[in-house]
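Got your viewer open? Load the model, switch to cartoon view, and follow along one selection at a time.

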Amino acid sequence: MRKTKYIFNAGRMSQKDNTLIFQPVNKDGVKVKPSYLPIEDVSNLYCFGSVDANSALFNFLAKQKVSLNFFDYYEHYTGSFMPKD
């Protein structure tokens, strides 16, 4: 069953094989232990922190029909990436 996932930390989101990898950074900019999210378990992503991503990630999310929603520091809606279809 696919679930909605929430990201509250700053970091970098990337993709490797069929897994999303979120590499959080602490306040000093030091990388901490990454989180691995199998794409089969994700239906929507909500990002409340500063998240870096690249076009390869967006292409992967589109193929897997996963939407990505962004919110600013004050939790105001900023925008979304929605796959076609």
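Start by selecting Lys 27, which sits in the loop that joins β3 (19-24) to β4 (35-38). Keep in mind as you click around that this is a predicted model. Is Lys 27 buried or exposed? Its relative accessibility is 88%, and anything over 50% counts as exposed, so Lys 27 falls in the exposed class. Now add Pro 38 to the selection and draw a distance between the two C-alpha atoms: Lys 27 and Pro 38 are 11 residues apart in sequence, yet 27 Å apart in space.

Next, step back to Gln 23, which belongs to strand β3. Show its side chain and look for the backbone oxygen of Val 32: the Gln 23 side chain reaches that oxygen at 2.4 Å. Which residues further off in sequence does Gln 23 touch? Leaving out anything up to four places away in sequence, you'll find Ala 10, Gly 11 and Arg 12, plus the run Lys 31, Val 32, Lys 33 and Pro 34.

Now jump to Ser 67, part of strand β7, which covers residues 67-71. Ser 67 has a relative accessible area of 6%, and the cut-off for buried is under 20%, so this serine is buried. Turn on side chains here and find Asn 44: the side chains of Ser 67 and Asn 44 make a polar contact at 2.5 Å. While you're there, select the other neighbours too. With residues up to four places away in sequence set aside, Ser 67 touches Ser 43, Asn 44 and Leu 45, and also Phe 81, Met 82 and Pro 83.

Time to zoom out and colour by secondary structure. You should see one helix and eight strands. Trace the chain from the N terminus and the order reads β-β-β-β-β-β-α-β-β.

How does the whole chain measure up against a compact globule? For 85 residues, such a globule would have a radius of gyration near 12 Å, and the chain has 12 Å, so the two agree. Along the principal axes, the C-alpha atoms fill a box of roughly 40 × 30 × 25 Å. Of the contacts with a separation of 6 or more, 43% are between residues 24 or more positions apart.

Finish with a surface view. The chain exposes about 5900 Å², and carbon and sulfur atoms supply 51% of that area. Buried residues make up 29% of the 85. Last, colour by charge: there are 11 positive and 8 negative charges, and their mean positions lie 5 Å apart.

Key. Residues are numbered from 1 along each chain as its sequence is written. This is a predicted model: local features need pLDDT of at least 70, side-chain atom pairs count only at pLDDT 80 or more; totals for chains, interfaces and linings use all residues. Side-chain values use heavy atoms; hydrogens and water are left out. Helices (H or I, at least four residues) and strands (E, at least two) are DSSP runs, numbered from the N terminus. The radius of gyration is taken over C-alpha atoms; the globule rule is 2.2 Å times the number of residues to the power 0.38. Buried means under 20% relative accessible area, exposed over 50%, partly exposed in between (1.4 Å probe, protein chains only). Contact means heavy atoms within 4.5 Å. Accessible areas come from the Shrake-Rupley method with a 1.4 Å probe; for residues, only the protein chains shown count as cover. Lys and Arg count as positive and Asp and Glu as negative; His and the chain ends are not counted. The place of a charge is taken as NZ of Lys, CZ of Arg, CG of Asp or CD of Glu. A polar contact is a pair of N or O atoms within 3.5 Å; within protein, one must be able to donate a hydrogen and the other to accept it, and residues adjacent in sequence count only if both atoms are side-chain atoms.
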